[in-house]
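Take a walk through this structure, one step at a time. Begin with the sequence and the model shown here.

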Amino acid sequence: MSDTNQMQDEWAEMVEQMNDAVADSMEQNMKAQAAFVESWADAVEDSIPEEDELSEGLQGYNAAYEEWIDAAEQMVERSTDAAQGEDVDPAEFRDIWLQSANEAFKHVMGTSAFAAANGQLVESMMEMQQEADELNQDAIAQMGFPTRDDIDEVAERLVEVERRQHAVEEKLDRVLEHLEE
């Protein structure tokens, strides 16, 4: 009878620990989500380009638009030629769009607005990745598994033990050499 009570007590304690771990994990998750939303809001706020960048960006988009319009006009011309009986290679249509796409992308991607937006995107993604990594490490710790920091510490200790063992082996070899003389 006492074993049953002890098992129930141990079970209750284990369930309580699990509930605490889940609650802690949920709290960490909420904090991480709040940090993510705050980070995202900051990134959006900071992503409004300066007037010069905005102007240059609009010029790039206008040039890209003109490329697409030119491509559409070429497509209409070649379609008309084909409708009038001219032998038009279908690869011409593909080439027109590929060429115009390349030119349009050069116009847009060559602007400082695009570079700034791309840089901000990469920075935001790296911050989110860091936050997600920290959240993962916290969750792993909450579950009782070793974290990356724990493993790094064990690795450092192992390297130190190996270094000391090597030093002891060298000293032992010198002592043995000395005794053989």
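A salt bridge is a side-chain nitrogen of Lys or Arg within 4 Å of a carboxyl oxygen of Asp or Glu. Keep that rule in mind for the pairs below. The model is predicted.

Start with one such pair. The side chains of Arg163 and Glu160 form a salt bridge, with N and O 2.4 Å apart. That distance fits the rule, because the cut-off is 4 Å. Both residues belong to helix H5, and they sit three residues apart, so about one helical turn separates Arg163 from Glu160.

Glu160 has another partner. A salt bridge also links Glu160 to Arg164, where the closest N and O atoms are 3.1 Å apart. Here the spacing along helix H5 is four residues, again about one turn of the helix. How accessible are the residues of this pair? Glu160 is partly exposed, with a relative accessible area of 29%. Arg164 counts as exposed, at 54% relative accessibility. The cut-off for exposed is over 50%, so Arg164 passes it.

Now step back to the whole chain. How many helices and strands does the protein chain have? The count is five helices and zero strands. Read from the N terminus, the elements run α-α-α-α-α. The chain has 181 residues, and 11% of them count as buried. Its exposed surface comes to about 14600 Å². Carbon and sulfur atoms supply 56% of that area.

Contacts tell another part of the story. Take the contacts between residues at least 6 apart in sequence. Of these, 69% join residues at least 24 apart.

Return to helix H5, which covers residues 148–180. Asp173 is found in this helix. Asp173 also belongs to a negative surface patch, together with Glu169, Glu170, Glu177, Glu180 and Glu181. Is Asp173 buried, exposed or partly exposed? Its relative accessible area is 45%, so Asp173 is partly exposed. A patch residue needs over 30% relative accessible area, and Asp173 meets that cut-off because its value is 45%.

A nonpolar patch appears on the surface as well. Leu172, Val175, Leu176 and Leu179 form this patch. Together they have about 390 Å² of accessible area. Leu179 lies in helix H5. With a relative accessible area of 63%, Leu179 is exposed. That value is over the 30% needed for a patch, so Leu179 meets this cut-off too.

Finally, return to the charged pairs. How many salt bridges does a search of the whole structure find? It finds nine. One more example joins the side chains of Glu86 and Arg78, at 3.1 Å from N to O. Is Arg78 buried or exposed? Arg78 counts as buried, because its relative accessibility is 17% and the cut-off is under 20%. Glu86 counts as partly exposed, at 39%.

Definitions and conventions:
Residues numbered from 1 in each chain as written. Predicted model: local features only at pLDDT ≥ 70, side-chain atom pairs only at ≥ 80, totals over all residues. Heavy atoms only, no water. Patch = residues over 30% accessible without salt bridge, like charges linked within 9 Å, V, L, I, M, F, W, Y side chains within 5 Å. Areas by Shrake-Rupley, 256 points an atom, 1.4 Å probe, with all protein chains shown as cover. Lys, Arg positive; Asp, Glu negative; His and termini not counted. Charge placed at Lys NZ, Arg CZ, Asp CG, Glu CD. Helix = DSSP H or I, 4+ residues; strand = E, 2+ residues; numbered from the N terminus. Buried < 20%, exposed > 50% of the residue type's maximum accessible area, 1.4 Å probe, protein only. Contact = heavy atoms within 4.5 Å.
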